[in-house]
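Ready for some practice in reading a structure? Work through each exercise by yourself, then compare your steps with the solution.

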Protein chains: 2
Amino acid sequence: MDVNSEKLLACMLREIRLAALGTFHDNAPLVSLVTFVPADDFSAFYIHVSRLAQHTVDMQKDKRVNLMISEKDDDRPDPLTLARVSIRGAAEFLTPGEPGYTPVKTLYLARFPESEPLFKLGDFGLWKITPRGARYIAGFAKAYNLTPETLIKVSNR
Amino acid sequence: MDVNSEKLLACMLREIRLAALGTFHDNAPLVSLVTFVPADDFSAFYIHVSRLAQHTVDMQKDKRVNLMISEKDDDRPDPLTLARVSIRGAAEFLTPGEPGYTPVKTLYLARFPESEPLFKLGDFGLWKITPRGARYIAGFAKAYNLTPETLIKVSNR
């Protein structure tokens, strides 16, 4: 992967706030919108979801998920030149009070300060998605398969 | 569903150009970025994809898909107030020359004129997604389950 594609990926993962989460739902794929924040080294991605939401029930049953993050549509003539990455991973619930919970909450609130009240409700919880691999399309016909190690390397860009 | 939520949904389905497509990939969910255009009456949604793409291979094996369309992030304080809809459906390949193919191609090209050259390549093809149902979040904590009939009704807004 060339340096510019690496920089574009790092930039996108740090600046975009929303992702499309894919889960197994009643034996069919479900895609829903979630807010996310990456770990500084891209070794994990954190989402904050309601236990009442379908995707949360899905993750409780099957931890296999996919998180797709794309550049915002800027109304360019050909939107397929937008960069996007599909991260395949395993989802894991973070229990409030467990070691590591507070730094993740701090990281999440730095990006989404408005969600502070949701942390006081019992409904919402933080989940950690650990990447198993990713497919990165850095524009039209420029595709890369990434390992978790490559994602970590890209976080230095 | 209130009239304003219906109007918002109709507007979003007509104006947003990109969707997150969920498919089954090697027995795990995959989410990828696709361009789409709705039928005028929202009875179907059409996508134009490369047969080399993972999602196309997935749809050839299992027609169950989910298409998530969301408002663009406008940097509002709380992005979970953005509207989004997850459409559960069945995908079907449209063979060039079959009845109904040309009107769909015309509809697609009206929205994506830049993709005209892709129709001359053998790689790209049109797929029809017929909704089986949808989950519509018209902002924070405002969720509706929609039938295909409701989607059709909403197309009059």
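## Exercise 1: One helix and its two sides

In this predicted model, the buried residues of helix H1 of chain A are Glu6(A), Leu9(A) and Leu13(A).

**Task.** Work out on which side of H1(A) the buried residues lie, and what they pack against.

**Solution.**
- Step 1: Start with a rule. An α-helix has 3.6 residues a turn, so residues three or four places apart point the same way.
- Step 2: Now check the arc. The buried residues cover only 65 degrees around the axis, which puts them on the same side of H1(A).
- Step 3: Look at their partners, which are strands E2, E4, E5 and E6 and helix H5 of chain A.
- Step 4: Turn to the face pointing away from the buried side: it carries the exposed residues Val3(A), Asn4(A), Lys7(A) and Glu15(A).

## Exercise 2: Checking the length

**Task.** Find how far H1(A) should span at 1.5 Å a residue, and compare that with its end C-alpha atoms.

**Solution.**
- Step 1: H1(A) runs over residues 3-15, which is 13 residues.
- Step 2: The expected span is 1.5 Å times one less than the number of residues, and for H1(A) this comes to 18 Å.
- Step 3: The end C-alpha atoms are 18 Å apart, so the two values agree.

## Exercise 3: Two copies meeting

**Task.** Decide how chains A and B are related, and through which surface they meet.

**Solution.**
- Step 1: A turn of 180 degrees with a shift of 0.0 Å along the axis lays chain B on chain A with an RMSD of 0.0 Å.
- Step 2: The copies are therefore related as by a two-fold rotation axis.
- Step 3: Each chain, A and B, brings 30 residues to the contact.
- Step 4: Since 100% of the interface residues of chain B are also interface residues in chain A, the copies meet through the same surface.

Conventions:
Residues are numbered from 1 along each chain as its sequence is written. Chains are lettered from A and ligands numbered from 1 in the order in which they are written. This is a predicted model: local features need pLDDT of at least 70, side-chain atom pairs count only at pLDDT 80 or more; totals for chains, interfaces and linings use all residues. Two residues are in contact if their C-beta atoms, placed from the backbone, lie within 7 Å. Helices (H or I, at least four residues) and strands (E, at least two) are DSSP runs, numbered from the N terminus. A residue is buried if 20 or more other C-beta atoms lie within 10 Å of its own, exposed if 12 or fewer, and partly exposed in between; C-beta atoms are placed from the backbone. The arc is that of the directions from the helix axis to the C-beta atoms. Copies are superposed by least squares on the C-alpha atoms of residues with pLDDT of at least 70 in both.
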